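Biologist: Could you walk me through this one? I'm new to reading folds, so please go slowly.

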There are 2 protein chains.
Amino acid sequence: MAETTRGVRVDWEALKEFCEEVLRAAGIPEKDAGIVAASLVDADLAGMKSHGVTRLNDYLLRMEQGLMATTTKIDIVRESPSTALLDANDGWGQVASEKAVELVVEKAREVGSAWVGVRNSNHNGTAAYWTIKIAREGMVGICSMNTSPVMAAHGSKLPTLGTNPLSIAVPSSSGRPVVLDMATSNQARGKIILAAKNNDPIPEGWAITSEGLPTTDAREALKGSVLPLGGPKGSGLAIMLDILTGVLTGAEFGAQMPRMYDDPQPQRVGHMFSAISIDAFMPMTEFLSRMDQKERETREGPPAPGFERVSMPGDGTHERMAMYRESGIPITDEVYADLLAAAGRYGVSPDTLDSGRIPREGTQRWGHR
Amino acid sequence: MAETTRGVRVDWEALKEFCEEVLRAAGIPEKDAGIVAASLVDADLAGMKSHGVTRLNDYLLRMEQGLMATTTKIDIVRESPSTALLDANDGWGQVASEKAVELVVEKAREVGSAWVGVRNSNHNGTAAYWTIKIAREGMVGICSMNTSPVMAAHGSKLPTLGTNPLSIAVPSSSGRPVVLDMATSNQARGKIILAAKNNDPIPEGWAITSEGLPTTDAREALKGSVLPLGGPKGSGLAIMLDILTGVLTGAEFGAQMPRMYDDPQPQRVGHMFSAISIDAFMPMTEFLSRMDQKERETREGPPAPGFERVSMPGDGTHERMAMYRESGIPITDEVYADLLAAAGRYGVSPDTLDSGRIPREGTQRWGHR
């Protein structure tokens, strides 16, 4: 399951700078452009290509249609010492999330813990990007958001749920937070899209047709629904996360949420963040030493036959980050063309992007997610 | 997968009263006895028999061995406006959890939201019992706890994880909170125990042997480990919940936690609770009306072919509660004998239990969980 497109590699800093240039040229305020570009490139560094720079042009196309605001005006709708509800007014998801994370951390620092919600927002990148930020402040970070309906609740014919992800991150003595970021679907829809492209069948249990019938045909699956992780459990978790991020915040939710790629309405996504100060429970040194023990005993499982290692959540993310920072971020020809198209519409020179291209030898196959 | 033992049915109030009598006779303070009995009988009402009165004698046996304190002395180790850390000093999990829930609700009422942890505790019944209590206060309730290691992390040969459950509950206009309560394992270990008893094979993916190899042999599975929900996702979630409930609270965690039934050491379980005041986000009437929409659209999925309905999380629990309140709680002969054994050791008459027996016609098969 890898793309065979040849593609290029681009230095991550050049890629980020280029995204910022395009965003600024499109009228996004300078600070906001930096926030969005950082989130996109971070997703590519993490190997979450579906949340990476491939979205830049998609975001801008929605903004050009008037479905997303250029300047993200954030209202604090309600506030208490340990909660806040923000309204992003159809602005950029990353800009609203940056503000929400600042606020949740500030509140947790003051009163021990906090929950901050955001309504009327848009796609905000990976959930892990935000929980890692919270963890780096010496806190447990929790983040969820609801997404457009592509998943059938357990036993449902039609999709009434997003693949609503849940991320939890905590500090670790390695300096790299331990971080979980899981969609509540059985498999990423991206894998089904890829199987459809390659005329490959998909395993049973991944998806149902538009008639609600099990299918191994990737094309039928794309017209139908993905299935939740482990049936009722993943379905129940996705429902509760939709309630927490959508119903409780006043955002759109469930079957009604417009889809980013298909629907000409603002999405009005909801996000929810929590921060728990480690210091409110024990000194950080003690927590880190206990984390060392937890990490050690998990890794020394030992590996079962057929497995090379036992990972802590986020191991793969941190490894890919180190690798792509070093070797450059692999970009498919299609995404590269998309980036140039976005730049072209705003009169941005391709120089920064082109200058970031890293020459490489031979043909490589990029992992896809 | 149903038990064929004939068993009896007992009126839930008589069963609760009987458990209280036994607990009081064993020296548990009166208020605490009421708290524990209510939790046990509630689990049976919910159909979670593994967390019900079957545990009464098990708890008392551990107390008699000096592994659990008779009187639960609760220290507040740390406290901030929106957090608290309690030490249960090897007391009763339910008594500590009742206190933690009171505190988390009180704090959320004052400052909007809160997180309260408990360390050095014991089994505290179902997670849903506690989140439903929080939801009935007009809040989102979240609860997790860590359990003794019976589950292998993804790719691990040996069990370094409990099946650490996660429960989330929210108010609903029906008066019955919508409530998720999911273990992070692929299947309940109880199903494997039952398959071993019945000489039935178990499906692939449920468990591995003590050598870390896949197995469909229920007996080999019981000597080995259960597997996490959906591989890396359930594994990662269980790890993060162990960190939240065990590492962060100062409780025991991971591979080191003693097992309730086998190990002659205090378990020192950790619990974690969060409460989020709905009022801090929107008026309750608005929330309930949005919940109505969420419930309606979920149920009207419509059901896929082969399904009778699409459920909201907790539907089954509420239905079983209504049914068993009406018809009496099914108790197997083995559990009935266990209850009498516990009563006998403390000179408690079986009258209350016997008087609660409900006559019934014909042979029935009880569902098992």
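Modeller: Sure, let's start with a sheet in chain A. It is open, has seven strands in the order β3-β4-β5-β13-β6-β9-β10, and its pairing is mixed. Strands here are DSSP runs of E with at least two residues, helices are runs of H or I with at least four, both numbered from the N terminus, and two strands pair if DSSP finds at least two bridges between them. Keep in mind that this is a predicted model, where local features need pLDDT of at least 70, side-chain atom pairs count only at pLDDT 80 or more, and totals for chains, interfaces and linings use all residues. Residues are numbered from 1 along each chain as its sequence is written, chains are lettered from A and ligands numbered from 1 in the order written, and side-chain values use heavy atoms, leaving out hydrogens and water.

Biologist: Which strands stand at the edges of that sheet in chain A?

Modeller: Look for strands with a single partner, because one side of each is then left without a neighbour in the sheet. In chain A, those are β3 (75-80) and β10 (178-182).

Biologist: In chain B, what lies between β4 and β5 in the β-α-β unit?

Modeller: β4(B) and β5 (residues 113-121) of chain B pair in the parallel sense over five bridges. The unit they make is right-handed, meaning that with the strands pointing away from the viewer, the path from the first strand over the helix to the second runs clockwise. The helix in this unit is α4 (residues 93-111) of chain B.

Biologist: Is strand β4 of chain B largely enclosed or left open?

Modeller: Check its two faces: Thr83(B), Leu85(B) and Asp87(B) on one side and Ala84(B) and Leu86(B) on the other are all buried. Buried means under 20% relative accessible area, with exposed over 50% and partly exposed in between (1.4 Å probe, protein chains only). Five of the five residues are buried, so β4(B) is largely enclosed.

Biologist: Which residue in β4(B) is the bridge partner of Ile76(B)?

Modeller: β3 (residues 75-80) of chain B runs antiparallel to β4(B), with five bridges joining them. The two form a hairpin with two residues between them. Ile76(B) has as its bridge partner Leu86(B).

Biologist: How are the two copies related?

Modeller: Superpose them by least squares on C-alpha atoms of residues with pLDDT of at least 70 in both. Chain A lands on chain B after a rotation of 180 degrees with 0.0 Å of shift along its axis (RMSD 0.0 Å). The copies are thus related as by a two-fold rotation axis.
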